[in-house]
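User: I have a model open and would like to go through its helices and its core. Where should we start?

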Amino acid sequence: MNALAATNRNFRHAARLLGLDSKIEKSLLIPFREIKVECTIPKDDGSLVSFVGFRVQHDNARGPMKGGIRYHPEVDPDEVNALAQLMTWKTGVVDIPYGGAKGGIGCNPKDLSMSELERLTRVFTQKIHDLIGIHTDVPAPDMGTNAQTMAWILDEYSKFHGHSPAIVTGKPIDLGGSLGRDAATGRGVVYATEALLAEYGKSIKGLRFVIQGFGNVGSWAARLIHERGGKIIAVSDITGAIHNPNGIDIAELLKHKESSGSLKDFNGGDAMDPNELLVHECDVLIPCALGGVLNRENAADVKAKFIIEAANHPTDPEADEILSKKGVIILPDIYANAGGVTVSYFEWVQNIQGFMWDEEKVNAELRRYMTGAFHKVKDMCKSHDCNLRMGAFTLGVNRVARATLLRGWEA
């Protein structure tokens, strides 16, 4: 099932649990605005090339719309739509004053030089600058984009609107980026994991973890779990997978990956089949890579007791049902990976105030938001007698529906 169908299904289930009026249910699903632009740039060899850029602005009932911009060959309107909608519910779950948006350009950043990427980013910004804004829609990095991409958007946007550091988050520190933003999603995953485990009288220390995906989110989560005494027994990324029943030394693995660019040939663990990783014996499984990795083919073989969804939509609805019947506790993505957007919110606040925080304050506030949101999700689980995924969806959807009704949505 694709991300949009799965998101709509979860939304409709939450709407039924909340007893939402059918008219408001329908209005909440319809995006506020969908933007499609042609971005034509000269390549370094002088030839012209054209790319299609998208921005879906889903909902602004609770505040400016917020969401990443991805550069990927398979950026398509359906996926961007699903991710924009997910952002609306996600910002509702952690109670930050935003709505949801998402964008992207259908390109392969690996095929473009640095100067071509800069030209593409600037043309895209020129095409959408009057539709985004500090109090309208605030982009951030996503797959295939980074702090440098945000710096170009900030610079191009400022040519039209004056110095505007709050127009994007995930910027370089030198241009008003927030300390702690780089680690935020992974750190948020760890705070969420601690909150969940505490419910079961457990802590990270001594438990066995398997992490799928060793990019920004997975490597930060691994580092912080390792520091807290968790035993990471298997890790994978696109270069391969390794395991060590006695625990992997994450600091050494990070050094190895930095020097070689790969997990292969790491002498602190044995190679394993990456497909076996998700069904490896462990206490906690953390998928940090692509969507749909847990599906009806492998769900029955999963041996983890807890799954923390650090990736977007890693569990298909069919796998969800199989895992629930097995008694596996799943911490859903719209809560578990919300650390990134939460620290993006802190960055935006710092930019608007013109007053920057130290990293200790950023991390303390992140812990407060993630822990508080977990208890609110649990309250919804009790009220509606549902699992954590529906607890999170009902919490997010209810907050957006309330804001929409209070504003007088039929006017």
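Analyst: Start with a term: a residue counts as buried when its relative accessible area is under 20%. Note also that this is a predicted model.

User: Which residues of α13 are buried?

Analyst: Apply the cut-off of under 20% relative accessible area to the helix. In α13 the buried residues are V362, N363, E365, L366, Y369, M370, A373, F374, V377, K378, M380 and C381.

User: What distance separates the end C-alpha atoms of α13?

Analyst: Helix α13 has 26 residues, and at 1.5 Å a residue they should span 38 Å. The model agrees with this expectation, since the end C-alpha atoms are apart by 37 Å.

User: Which helix gives the largest share of the largest nonpolar core?

Analyst: The largest nonpolar core has 81 residues, and L28, I286, L331, Y335 and V397 have the most contacts inside it. The largest share of this core is nine residues, and they come from helix α13.

User: Which residues is Y335 in contact with, leaving aside its neighbours within four places in sequence?

Analyst: Contact here means heavy atoms within 4.5 Å. With neighbours within four places in sequence left aside, the partners of Y335 are V93, A192, A195, M370, T371, A373 and F374.

User: Are α3 and α14 roughly parallel or roughly perpendicular?

Analyst: Helix α3 (residues 77-93) packs on helix α14 (residues 388-407) with the axes 7 Å apart and at an angle of about 95°. Angles of 65 to 115 degrees count as roughly perpendicular. Therefore α3 relative to α14 is roughly perpendicular.

User: Which residues of α3 make that contact?

Analyst: On the α14 side, the contact involves A392, F393, L395, G396, V397, R399 and V400. On the α3 side, the residues are L86, T88, W89, G92 and V93.

User: Is F214 buried or exposed?

Analyst: F214 sits in the loop between β6 and α7. Not counting residues up to four places away in sequence, F214 touches S219, A222, V235, S236, D237, L253, L254, K257 and L263. Its relative accessible area is 3%, so F214 is buried.

User: What covers the buried residues of α7?

Analyst: Helix α7 (residues 216-227) has 12 residues, and its buried residues are V217, G218, S219, W220, A221, A222, L224 and I225. The elements covering them include α6, β6, β7, α8 and β10.

How values were computed: Residues numbered from 1 in each chain as written. Predicted model: local features only at pLDDT ≥ 70, side-chain atom pairs only at ≥ 80, totals over all residues. Heavy atoms only, no water. Helix = DSSP H or I, 4+ residues; strand = E, 2+ residues; numbered from the N terminus. Expected span 1.5 Å × (residues − 1). Buried < 20%, exposed > 50% of the residue type's maximum accessible area, 1.4 Å probe, protein only. Core = buried A, V, L, I, M, F, W, Y, C linked by side-chain atoms within 4.5 Å. Axes fitted to C-alpha atoms, helices over the stretch in contact; angles between N-to-C directions. Parallel < 35°, antiparallel > 145°, perpendicular 65-115°, else oblique.
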